[in-house]
Amino acid sequence: MSSWSSWLGERSAEITSSHRVQLGITAAVSVGVGVGAVFGIQNARRWYNIHDLKDSIPDIDSPHHIDKINQFGGAVPEDSHDRKDEERSAALARRARLGDYDEDLVLEQLARNRVFLTDKGLVKLRNAFVVVVGCGGVGSHATAALARSGCGRLRLIDFDQVSLSSLNRHAVATLADVGTPKVQCLRKRLEQITPWTHFDCRNQLFGEGVAEEQLAPWTDGQKPTYVIDAIDNIDSKVALLHYCKKNGLPVISSMGAGCKSDPTRVFVGDISASAEDPLSRTTRRRLRMLGVKDGIPVIYSSEKAGPDKAQLLPLPEEEFAKGQVGELGVLPDFRVRILPVLGTMPAVFGLCVANHVMLEITGYPHDYLPSKAREKMYDGILAQLQGLEERVAKSCGYDPLGLRIPINSDDVGYLVEEVWHGRSAVSGLASRLALTRWRRPKGDWVDMRTPGQKADCLGFDEVVCMTKDEMLKHEKEVLKGGKAPEDLYDKQVIELVERRWEVERHFRAQR
C-alpha cells in the first residue's frame, strides 16, 4: 500500500511539473466554463423573451390598438417584407417609366402579341392612351389585359375601394388590398408585371361635370386613343357615353354581367342591337333622348332571367323599417340591392372589352358575328305572322287592311331564341320555324279605337313556335276550325307551352 501511495505521489509531482499537462487541463476547464456560459446566456435570453412576449399581450380589459385594422377589415401594413417588396417594385417601375429598362426584354415579354399584331401593330398599342372608367370586375380585367399586352398609357378612374366581396371577380386584388382604392390596387399590382406602363390614377367618381377634366389629354397633349366604360351606375354611364359620342372619342361600353352565367351568349355589337339586355335597353333609351341612337359598340349578353336563375336580391324588410334607405348606398342614387355576380362573367366581359380595344387600336381585321346572324330569318317569320293574323282577322269578320301587330323583328328573335329555344314546341324540330297564335281569339281582339288604325292585341304569351307545316295545320284546325289545342296536341306539348309562357311572363316583369 505504501508503495502504491509512493508511486502515485511521484506521478502527481510529474504532472504538476509538466507545462503541457497544465495547459491541457486549463484549456479543458476553459471550454467547459465557456459552454456553460453559452447555455446560461441562451436560457437567460429565452426566459427574458418569453416574459417580454407575455408582457406584450394586453389583458382583455386593456385598450387595443384597433387603428392597426382599417374599417374594411384589412390590415394596415407596417414595416413588413411585403411592404419592402412593394417599395422595390414601385422604384423599379419609376426607373422603367423614365426609360431605364432593356427594350429587348420588353419585346421578349410581349413576343406573342408581337407575332400576332406585327411590329407595326404593337408599336401602335405601346403608344396608345386608354382611359378605363370603372375598375371593378369588368374594368380590372380589361385593364390587366391591356397592360399585359403592352398598352403604354392607362388612366384609371374609380371612386370605390376594394371590399371583401370584390375578391370573387377582381382581376388582381388580394386580401391585403381590402380597403384600398381600386385604382391604386390595380397600379400597384400591374406595375409589378409591366413596370414600363404609365398609370394615371384618379380616385374619383365620374360625372358630367368633371368629364372634360377626367377625359383630358395626357400631360404631353395626347388625346385618349380609346375610352372603356365599365360603370354600373346608369347616370354616370349615360354621361360618359354621351360625352364621348359628342366629342368624337372612341368608346366601348360594357353592359350588365350581373345575374349572367352563359358565356356563349356574350356578344360584341352596336348598342342598337342589344335589344334584350336590361341595362343596355335603359342606357339606349336615355341616350336616344340626348340624340344618340347608335354608333357605340357594347359588350352584352342575350341571356334571359328565369325563375330558377339568380335574381337581383331585394333589400331586407328590416332595412326599410329603419328608414332612410338611400343612406345604405355608397353614394346618392346608387343601388342598395345586392346584385348576384358569378365571378367568371365580369372577367369574360372585361376580356372582350380589352380584345376589342386592342383590335381597334392596332387595326387588326375583325368582323363580329351579329348575335346569331339570323336577322333575315326573323324578318321572314315576322312577315308570316303578319299574314297569319290578317287571315285570322278576316275569318273573324274584321277587315284585315291596315292591321298592325305589336311585334317587331327583335321581338321575333327574342321569342324564337329565348322563349322557344329555337325549336318547335310540337315536334322539337329547328328548321323552317314560324310563330302562330295558340288559341282562336275571342272578343274584341282588334283595337279600333284610334281612327284609321287597327291594332292587333297579340301578346307574347299567346304565341307559340312551330314549323311552317305545323303552323298551317294549326291555323286550319284551331284558329279557323274551332278546335282547342288540347284536342290536337298531347299533354306534354300543352305543359311545355305553359312552362315557356311562365318563364316569359317572369322575364317580362323584370323589364
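pLDDT is the predictor's confidence in each residue, from 0 to 100. This is a predicted model, in which local features need pLDDT of at least 70 and side-chain atom pairs count only at pLDDT 80 or more, while totals for chains, interfaces and linings use all residues. Residues are numbered from 1 along each chain as its sequence is written, and side-chain values use heavy atoms, with hydrogens and water left out.

**Exercise 1.** State the mean pLDDT of the protein chain and the share of residues that reach 70 or more.

*Solution.* The mean for the chain is 81, and 75% of its residues reach 70 or more. Next, consider residues 62–79, where the pLDDT is below 50; beyond near neighbours in sequence, this stretch has 17 contacts (heavy atoms within 4.5 Å) in the model. Residues 325–337 also have pLDDT below 50, with 23 such contacts. Where pLDDT is low, the predicted coordinates should not be read in detail.

**Exercise 2.** Describe the largest nonpolar core and identify the helix that gives its largest share.

*Solution.* A nonpolar core is a set of buried (under 20% relative accessible area, 1.4 Å probe, protein chains only) Ala, Val, Leu, Ile, Met, Phe, Trp, Tyr and Cys residues joined through side-chain atoms within 4.5 Å. The largest has 40 residues, and Val130, Leu146, Leu154, Leu156, Ile228 and Val357 have the most contacts inside it. Its largest share, seven residues, comes from helix α12 (residues 344–362; helices are DSSP runs of H or I, at least four residues, numbered from the N terminus).

**Exercise 3.** List the contacts of valine 357, leaving aside neighbours within four places in sequence.

*Solution.* Valine 357 touches Val130, Leu146, Tyr226, Ile228 and Ile252. A second, separate core of 39 residues includes Ile381, Leu388, Leu435 and Leu458.

Technical notes
Buried means under 20% relative accessible area, exposed over 50%, partly exposed in between (1.4 Å probe, protein chains only). Helices (H or I, at least four residues) and strands (E, at least two) are DSSP runs, numbered from the N terminus.
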